[in-house]
Amino acid sequence: PIRHIIMDSGGVTEMDAQSLQILLEMIIDYKKRGVDFVFVNLADEFRRSLLNAEISEYHSTDALGSQSFFHSIYHAIETLS
């Protein structure tokens with residue numbers, strides 16, 4: 001079974017509010033199914049937007065946390081294994 005999804009986000013520079021909401025809903029749905037969704041190479045500005053959206057829209061679902069963001073795919077795989 002799939003336990004983790006790793007999204008390399010190095011090419012993501014911005015995201016509109018509707019796309020951000022859809023992404024958060026997807027992350028929350030995966031979390032409910034026991035699948036962690038993590039980001040690699042996510043720009044600081046986008047990370048802040050994602051965390052702020054989770055808090056304001058969903059009153060913090062704990063779907064995103066410190067273990068949701070990594071600097072490299074290697075680091076993500078090592079940590080999640």
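This report walks through the strands, core, surface and charged pairs of a predicted model.

## Strands and how they connect

Let's start with the sheet. Strand 1 covers residues 4-8 and strand 2 covers residues 36-40; the two run parallel and are joined by 5 bridges. If you want a specific pair to click on, try I5, whose bridge partner in strand 2 is F37. To get from strand 1 to strand 2, the chain passes through helix 1 (residues 17-32), and the resulting β-α-β crossover is right-handed.

Strand 2 also pairs with strand 3, a short run at residues 69-70. Here 2 bridges do the joining, and the strands are again parallel. V40 is a handy marker for this pairing, with F70 as its bridge partner in strand 3. So strand 2 has pairings with strand 1 and with strand 3. Is strand 2 buried or exposed? Of its 5 residues, 4 are buried, so the rest of the structure largely encloses this strand.

## The nonpolar core

The largest nonpolar core has 15 residues. Which of them touch the most other members? That would be L23, I27, F39, L50 and L64. Helix 1, strand 2 and helix 2 each put at least two residues into this core. Helix 1 is the top contributor, with 5 residues.

## A nonpolar patch on the outside

Not every nonpolar side chain is tucked away. I6, I73 and I77 make up a nonpolar patch on the surface, and together they have about 220 Å² of accessible area. I6 belongs to strand 1, and its relative accessible area of 34% makes it partly exposed. As background, side chains in a regular strand alternate between the two faces of the sheet.

## Charged pairs

How many salt bridges does the structure hold? There are 2. In one of them, the side chains of D29 and R33 meet at 2.8 Å, N to O. D29 is partly exposed at 37% relative accessibility, while R33 is exposed at 54%.

The other pairing links D36 and K31, with an N to O distance of 3.6 Å. D36 is partly exposed, at 27% relative accessibility, and K31 is partly exposed too, with a relative accessible area of 39%. D36 falls within strand 2 (residues 36-40), and K31 falls within helix 1 (residues 17-32), which makes this salt bridge a link between those two elements. In general, side chains of opposite charge can pair when their charged atoms come close.

## Two loop residues to look at

N41 deserves a glance if you're checking backbone torsions. It sits in the loop between strand 2 and helix 2 (44-58), and its phi is near 60 degrees, a positive value in a residue other than glycine. For context, most residues other than glycine have a negative phi. N41 is partly exposed, with a relative accessible area of 36%.

M15 is in another loop, the one between strand 1 and helix 1. At 30% relative accessibility, M15 counts as partly exposed. Where does M15 stand relative to S49? The two residues are 34 apart along the chain, yet their C-alpha atoms are separated by 9.0 Å.

Conventions: Residues numbered from 1 in each chain as written. Predicted model: local features only at pLDDT ≥ 70, side-chain atom pairs only at ≥ 80, totals over all residues. Heavy atoms only, no water. Pairing = 2+ DSSP bridges. Right-handed = clockwise from strand over helix to strand, strands pointing away. Patch = residues over 30% accessible without salt bridge, like charges linked within 9 Å, V, L, I, M, F, W, Y side chains within 5 Å. Areas by Shrake-Rupley, 256 points an atom, 1.4 Å probe, with all protein chains shown as cover. Salt bridge = Lys/Arg side-chain N within 4 Å of Asp/Glu carboxyl O. Buried < 20%, exposed > 50% of the residue type's maximum accessible area, 1.4 Å probe, protein only. Core = buried A, V, L, I, M, F, W, Y, C linked by side-chain atoms within 4.5 Å.
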